[in-house]
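User: I would like to work through this structure by question and answer. Please explain the reasoning behind each reply.

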Amino acid sequence: MKIRTPKTLVLCEGKDDELVMQTLASHSGLDGHLVFLQYGGESKLREYLKTLMARSGFQNREYTKILITRDADQNYDAAVQSLKDAVHEVFSVNVVTPGEWVELSTGGKISTWVICGPNQTGMIETLCLDAVRAKNPEQFTCLDSFMDCLEAQWGHKPHEKVRFTLWTIIAQGKTAQDRLSIPYAIKNLDFNWDDPAYASLRQLFQDISG
Amino acid sequence: MISTLELKQFRGLEHVKFENLGRVNLIVGGNNVGKTSILESLVLLCGNMNQLTELPTTFRELPQKGDDALASFWKLLLKNERIYEFRIISDIGSIEGCDTALGQWAFSRLRSDGNSLEISLIFESNGTVSIKNYKAPFHLSILSTKQKDPAVISELYNRIAPLNPDNETKIEELLRNSIEPRLRRLRYARPEGTKTHLVYVDLGEGKMIPFTQMGQAFARTLQVYCEIFAQRPKILLIDEIENGLYYEGMEDYWKGLMAVLEDQDVQLFATTHSRECMEAAYRAAKDIPSDPLRYLRLDRRIDDAAKIVATTFGKAEMATAIEFNLEMR
């Protein structure tokens, strides 16, 4: 048995979000301060939060702060509202603005965060793609042309274009298991975790890990 | 059935409250958080005179035989020596225990109907306890981790099975489904050359063997059903219910037990350390319309280690926990 210390819990939508954020925190020297868990997307958030309230880490006050994150996708305001509604339904408190910390009656604080940052649309892959683009701009000459060509052929944007673009790069893994794998990409694509694309998220993690 | 249980200044627990209890209540939590104290509080609340006097050694090993050890058990019922009173409060009645500081404990019981029944629990200078004016409000059965005398278990079986083929068939089926698929039949017998009657087991191998040779899970499960059918308790306490059970049989064990508890109108409080046991109980209970299963967890707060907090949760939280592989013990 080890002595537990208070930590901040960061809830992520899915496995890829969890891995990217955990790696970013680690590169920012925040190992041990933040705990990342995935809640399975918006449709499962309420049930997850209710279960979280029954968990030991919540009841014994190991998690002094709980940050719930999600992607803005195409609509930042809708994403903010969905998090606000879920938090209110489960904890009976209002987090009006992402990044605002609200006291819970059971102890501890809760907040929300919408990726890619205040009033931004996009998803965690947007940040990754921006960072990769900044480091290897020459790759994107071909890739952007490819995406433009597809759009013209289909007559509409590819679904989740950013994710599609990122996966086009990632899909070059050496084995079948590695393809379409964020873990493979993080391990092998030499992401620049100091890229300005991650600045707001990195700053957030530093602020909440104290 | 008990639906709420609140403990104040009782053993290591300053104040905990469990609400919305179910027919099946699995008590979980880390080491030394007070799981056994919950069972002990239920013995104080519902136990008969023998169960009360034997309480110091029911769930715990006394460090030494003798006066000090017994006396210290009763003194330790109080969390804080400066507060001379503990309370166990439930919707079926409550107990107030008071250290009179004269080597004497005074217990008073207040029934839920408001009629007070005084009980005096006095421990003598030799450490033994005498109880006056006492009548147990409920029939309670207790299975601690200590193995009961096999002759006593066999005698219980003799009271219910041989002259009641339905009971006999039911117990054999329950044991066959969850513990020993080879089981053909059980017999209460005293073979020539032996001194006591025991339950013997037919595994189809030509020779019946005493149930004591069958392993802990078989003996314990036999005891559980003998207690339920013979003693007809309203409340059943089982310490470390997973003991001896192989993971593969746990779901069937729970299915059988839950059906019998419902059928015989028994409420179960059991402790466990096993995640497999918690998950098996969930799988067994998830489709039962009466929603019988509750998990009662105690946690020590990490910002104030002296404080223990209580949480009650049910199948919805457990379903999400299993889906996301979350630890709920």
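The questions below concern strands of chain B, the interface of chain A and chain B, and one residue of chain A.

User: Is strand β3 of chain B mostly covered or mostly uncovered, and how many of its residues are buried?

Analyst: This is a predicted model, and the answer is computed from it. A residue counts as buried when its relative accessible area is under 20%. On one side of β3(B), Val24(B), Leu26(B) and Val28(B) are buried, and on the other side Asn25(B), Ile27(B) and Gly29(B) are buried as well. Strand β3(B), residues 24-29, is therefore mostly covered, and the number of buried residues is six of six.

User: Which residue is the bridge partner of Ile27(B) in β14(B)?

Analyst: Strand β14 of chain B covers residues 267-271 and runs parallel to β3(B), with four bridges joining the two. Within this pairing, the partner of Ile27(B) in β14(B) is Thr271(B).

User: In which sense do β3(B) and β15(B) pair, and over how many bridges?

Analyst: Two residue pairs illustrate the pairing. Asn25(B) stands opposite Arg294(B) of β15(B), and Leu26(B) has Tyr295(B) as its bridge partner there. Strand β15(B) spans residues 293-300, and its pairing with β3(B) is parallel, over six bridges.

User: Why is β15(B) described as largely enclosed by the rest of the structure?

Analyst: The reasoning rests on burial, which requires under 20% relative accessible area. Strand β15(B) is largely enclosed by the rest of the structure because the number of its residues that are buried is seven of eight.

User: Which strand is joined to β15(B) in the antiparallel sense?

Analyst: Strands of a sheet pair through backbone hydrogen bonds, and the pairing may be parallel or antiparallel. Arg297(B) has Thr311(B) as its bridge partner. Six bridges join β15(B) to its antiparallel partner, residues 308-313, which is strand β16 of chain B.

User: Which strands stand at the edges of the open sheet β10-β11-β12 of chain B?

Analyst: This open sheet has three strands in antiparallel pairing, in the order β10-β11-β12. Two of these strands each have a single partner strand, so one side of each is left without a neighbour in the sheet. The edge strands are β10 (185-189) and β12 (209-210) of chain B.

User: Which residue of β12(B) is the bridge partner of Tyr200(B)?

Analyst: Strand β11(B), residues 198-202, pairs with β12(B) in the antiparallel sense over two bridges. In β12(B), the partner of Tyr200(B) is Pro210(B).

User: About how much area do chain A and chain B bury between them?

Analyst: At this interface, 20 residues of chain A are in contact with 20 residues of chain B. Carbon and sulfur atoms account for 61% of the buried area, and the total is about 1500 Å².

User: Which residues form the salt bridge across the interface, and which element gives the most to the side of chain A that touches chain B?

Analyst: The rule finds one salt bridge between chain A and chain B. The side chains of Lys44(A) and Glu323(B) form it, at 2.4 Å from N to O. The elements that give two or more residues to the side of chain A that touches chain B are β2 (34-38), α2 (42-54) and α3 (56-59) of chain A. With seven residues, the element that gives the most is α2(A).

User: How far apart in space are Val35(A) and Ile66(A), C-alpha to C-alpha?

Analyst: Val35(A) lies in strand β2 of chain A. Beyond its neighbours within four places in sequence, Val35(A) is in contact with residues including Leu9(A) and Tyr63(A). Val35(A) and Ile66(A) are 31 residues apart in sequence, and their C-alpha distance is 9.5 Å.

Technical notes: Residues numbered from 1 in each chain as written. Chains lettered and ligands numbered in written order. Predicted model: local features only at pLDDT ≥ 70, side-chain atom pairs only at ≥ 80, totals over all residues. Heavy atoms only, no water. Buried < 20%, exposed > 50% of the residue type's maximum accessible area, 1.4 Å probe, protein only. Pairing = 2+ DSSP bridges. Contact = heavy atoms within 4.5 Å. Buried area = accessible area lost by both parts, 1.4 Å probe. Salt bridge = Lys/Arg side-chain N within 4 Å of Asp/Glu carboxyl O.
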